[in-house]
Every structure is written in structure tokens, then in C-alpha cells.
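Student: Please pick one part of this structure and look at it closely with me. I would like to know how its pieces fit together.

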Amino acid sequence: MTFKVEHSDNASDARAGVITTDHGQILTPIFMPVGTVGSVKGVHFSELREQVKAQIILGNTYHLYLRPGLDILRKAGGLHKFNTWDRPILTDSGGFQVFSLTGIRKLSDKGCEFRSHIDGSKHFFTPENVMDTERAIGADIMMAFDECPPGQSDYQYAAKSLKLTQGWLERCVKRFNETEPLYGYKQTLFPIVQGCTYKDLRQDAAKHVCDMLGKLNDGGGASIGGLAVGEPTEVMYDMIEVVNEILPKDRPRYLMGVGTPQNILESIERGVDMFDCVMPTRNGRNAMLFTYEGTMNMRNKKWEDDFSPIDPDGCDIDRIHSKAYLHHLFKAQELLAMQIASIHNLAFYLRLVTDARQHILAGDFVEWKRSVIDQLGRRR
């Protein structure tokens with residue numbers, strides 16, 4: 001993987017870049033649809049390509065490890081061959097999912113023992129076998145194994161957690177360097193910056209990640225984890241600024257699991273290049289649509305006889321179907337409603353980051369962001 005910054009904004013830390021992988025290029029800033037079990041919920045890959053214009057999707061290491069399992073993925077030739085997605089894929093490490101299994105997991109320096117949410121079977125993740133698992137899945141971009149502490153963790157717990165994550169990262173880098181990709185194309189590893197909401201811990205974590213990036217055989221970028229997990233929004237922005245002052249400018253920066261359209265624009269302004277979040281599809285399945293004019297609840301009666309397009313400036317599906325029709329589908333509990341809404345929201349998120357990129361290149365990103373950000377949070 002390589003990363004090139006094409007243009008940096010003069011009035012902020014926003015930048016437009018290009019990530020190049022063996023499965024294609026990714027123009028940044030970029031939003032990555034979440035494909036937990038090898039699929040983006042309710043959306044065909046043809047729609048992801050043609051309507052959403054997705055350049056990269058995510059897979060989830062924890063879920064793919066449990067099913068279909070690594071034997072099936074190896075026999076298929078990796079996740080790209082298994083699900084037929086021919087563009088880049090990123091996998092998280094499964095750490096966030098494992099650590100959310102409160103009561104059915106045990107942490108130690110060695111790794112994490114947990115029980116499957118599917119059948120209760122016992123499993124053990126270590127930095128080494130997580131690297132092997134992500135090799136078997138075959139993602140272009142792999143995440144290091146980390147612990148994601150709760151957003152309201154006290155300092156003592158956050159410091160202990162960070163020490164654990166840093167030890168695991170060193171083992172991840174070692175294992176990554178001593179193993180090879182399985183399917184004939186290159187993979188890269190992104191370390192994750194943790195440290196909760198404590199400035200000194202975040203600074204320590206970012207410096208350690210810089211050191212580890214220098215030891216990787218194949219390039220990589222830096223992920224910022226453990227945010228949007230309960231802390232105030234302004235604190236999240238502060239932590240992004242603290243971290244990005246330290247992280248190298250010639251590597252992509254990935255803010256994990258964030259967030260609303262406003263969160264994304266604020267984070268781009270602070271130098272973030274990559275985003276993912278389940279919000280577009282999850283909210284879409286619950287009849288909530290994101291637009292530049294604000295959020296629409298398609299179950300509201302006000303849309304019952306509104307025959308205007310869902311979004312006249314959106315993707316093809318937005319322009320074909322009316323608000324009244326989508327309202328009807330949700331009221332009738334028709335599955336197509338959730339599909340249309342998911343496609344709309346994902347397409348809007350990709351449109352948002354594409355527009356941001358264009359304004360960075362044009363040199364007026366901050367002015368444009370200020371002109372749209374308040375309206376994005378409106379309720380229609």
C-alpha cells in the first residue's frame with residue numbers, strides 16, 4: 001500500500017490523498033461501508049459499485065472467524081473471492097467486538113479468552129493468531145489487535161489498557177513481519193491509537209504507533225480508536241487534534257467507527273482521511289435518511305403525499321423513487337424500504353466525502369464546510 005497527499009488545505013489540516021492497493025486506488029477522504037460478515041447489510045455489491053460508488057468496504061475479523069470460518073475462507077481464496085468484491089477490503093481486528101462481550105470474556109497479557117455469541121463455544125484471540133486470521137481473510141488493510149476501553153474509563157484503567165494494547169501491537173508487528181500474504185497480493189497493517197480521553201495517554205500512544213510504523217515491512221497507516229464510545233463530541237475532536245499533531249503526515253489516518261455527517265466533516269478538517277460507521281445502514285433500516293438539508297424520518301405522515309424525489313441530487317435510486325413511495329414501503333413494513341434507505345444513506349456519505357475532497361482540492365473546504373454543517377444536523 002502507498003499513500004500520496006495530493007493537496008493540503010491552507011486554512012485547516014484537511015487533505016486530499018490517494019491510497020493505492022493491489023485491489024485498486026482509494027481517493028481520500030473516504031467513507032467505508034461496513035460489511036460485517038462479508039456483506040453490507042441489505043445492499044448488493046452491484047449497488048455498492050454503481051449507486052453508492054464505494055471504493056473500499058470493511059469486514060469484521062471476529063464475525064468472519066466464527067462464520068464462515070477460516071477453513072472456508074482459505075478454500076475460497078480469501079474474502080475477495082468468497083464474496084466477489086474486487087475492490088479493496090479493510091478488516092478490523094475483532095478487538096472491539098470481543099471486548100464488548102462483557103461477562104463472557106477474560107483479558108490477560110497473552111490475549112483474550114471469549115465465548116461465541118452464536119453457540120457459547122470458547123475461543124482465544126492473541127496478537128499472533130489475529131494476524132494469522134487477518135492473513136487468512138485476505139484484507140488489503142489489516143488492523144492491529146487492541147483493547148477498546150469504555151469512553152468513561154478512569155485514568156488508571158485507561159493507562160493499564162493502553163499498556164496492554166502497546167504490548168500487543170509490538171507482537172502484531174512482529175507476527176506481521178514474519179508472515180506472508182496467502183493469496184498473491186500485498187497486505188498492510190494499521191496500528192491503533194488508544195488512550196481514552198486523556199491527552200498524555202493519547203500522546204504516548206501516538207508516539208508508540210509512529211515507532212511501530214517505522215518497523216513494519218509494508219507501509220501502513222494509523223488508526224484512531226476508542227472514540228465515539230460515550231465521551232462528549234468536543235472531547236473527541238480534542239483527542240483527534242492531539243493525536244494528529246504527532247502521527248506522520250505521509251501516512252493515512254483512519255478514525256474508527258465515526259460517525260454522523262457533522263462528525264465526519266469536523267474530523268476531515270482536523271486531518272482524518274478514512275471513516276467507517278454502521279450509522280448509514282442502521283439508521284436507514286429505521287427510516288432515518290441523511291441529506292444535505294437534514295435528517296428525514298420517512299415514517300412521518302408529512303411524506304405521505306410528497307411525490308418529489310427522495311433526493312433530486314442523490315443517486316439513481318433517489319431520483320427514481322418518491323418520498324411518498326418510500327413512506328408507504330416503511331408503513332407497509334416492506335423489506336425494499338430498508339434497502340432503498342440503506343443505499344441512499346451510503347450514497348450520501350460517499351457523496352459527502354467526495355464533495356469534501358473536491359473542496360479541499362479547490363482550496364475552499366473550510367468555507368464550504370461552514371455553509372453546510374448546521375443544516376446537516378437539522379430534523380426535517
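Tutor: Start with one term. An axis is a line fitted to C-alpha atoms, and for a helix the fit covers the stretch in contact; angles between axes run from 0 to 180 degrees, taken between N-to-C directions. Keep in mind that this is a predicted model.

Try the term on a pair of helices. The axes of helix α9 (residues 233-244) and helix α10 (residues 261-269) come within 10 Å and cross at roughly 25°. Angles under 35 degrees count as roughly parallel. α9 and α10 are therefore roughly parallel to each other. Their crossing is right-handed. Which residues of α9 and α10 meet? On the α9 side they are Thr233, Met236, Tyr237 and Ile240. On the α10 side they are Gln262, Asn263, Glu266 and Ser267.

Now to our part: a sheet and the helix that packs on it. The sheet is open and has 3 strands, in the order β1-β2-β3, with antiparallel pairing. β1 and β3 are its edge strands, each pairing on one side only. From one strand to the next, the twist averages 15°. Helix α14 packs on this sheet and touches β1, β2 and β3. The direction of α14 makes about 120° with that of β2.

Take the strands in turn. Strand β1 (residues 2-8) pairs with β2 in the antiparallel sense, over 6 bridges. One example is Phe3, whose bridge partner in β2 is Ile19. The two strands form a hairpin, with 6 residues between them. On to the next pair. β2 and strand β3 (residues 24-28) are also antiparallel, with 5 bridges. Here Val18 has Leu27 of β3 as its bridge partner. β2 and β3 form a hairpin too, with 2 residues between them. What holds such strands side by side? Strands of a sheet pair through backbone hydrogen bonds, either parallel or antiparallel.

Why is strand β2 called largely enclosed by the rest of the structure? The reason is a count: 6 of the 7 residues of β2 (residues 15-21) are buried. Buried means under 20% relative accessible area.

Next, the helix on the sheet. α14 (residues 335-362) gives 13 residues to the largest nonpolar core; let us meet that core properly. It has 114 residues, and those with the most contacts inside it are Leu48 and Ile268. The largest share, those 13 residues, comes from α14. A general tendency fits here. In soluble globular proteins, nonpolar side chains tend to be buried together.

Follow Leu48 first. Leu48 is one of the α1 residues in contact with α14. The axes of helix α1 (residues 45-52) and α14 come within 10 Å and cross at roughly 45°. That angle makes α1 oblique to α14. α1 passes α14 in a right-handed crossing. From α1, the contact is made by Glu47, Leu48, Gln51 and Val52. From α14, Gln339, Ile343, Leu346, Ala347 and Leu350 take part.

Now follow Ile268. Leave out residues up to four places away in sequence. Ile268 then touches Asp13, Ala14, Pro29, Phe275, Val353, Ala356, Ile360 and Phe365.

One more residue ties in. Is Ile30 buried or exposed? Ile30 is buried, because its relative accessible area is 0%. Ile30 sits in strand β4 (residues 30-32). Again leave out residues up to four places away. The contacts of Ile30 are Gln55, Ile56, Asp273, Met274, Phe275, Leu350 and Val353. Two names there should ring a bell. Phe275 and Val353 also touch Ile268. By contrast, His123 is 34 Å from Ile30, C-alpha to C-alpha, and 93 residues away in sequence.

Put the picture together. The sheet has the order β1-β2-β3. α14 packs on that sheet. α1 crosses α14 at roughly 45°. Trace β2 on the model, then α14, then α1.

Note on methods. Residues are numbered from 1 along each chain as its sequence is written. This is a predicted model: local features need pLDDT of at least 70, side-chain atom pairs count only at pLDDT 80 or more; totals for chains, interfaces and linings use all residues. Side-chain values use heavy atoms; hydrogens and water are left out. Buried means under 20% relative accessible area, exposed over 50%, partly exposed in between (1.4 Å probe, protein chains only). Helices (H or I, at least four residues) and strands (E, at least two) are DSSP runs, numbered from the N terminus. Two strands pair if DSSP finds at least two bridges between them. A nonpolar core is a set of buried Ala, Val, Leu, Ile, Met, Phe, Trp, Tyr and Cys residues joined through side-chain atoms within 4.5 Å. Contact means heavy atoms within 4.5 Å. Angles under 35 degrees count as roughly parallel, over 145 as roughly antiparallel, 65 to 115 as roughly perpendicular and the rest as oblique. A crossing is left-handed if the near helix is turned anticlockwise from the far one by less than a right angle, and right-handed if clockwise.
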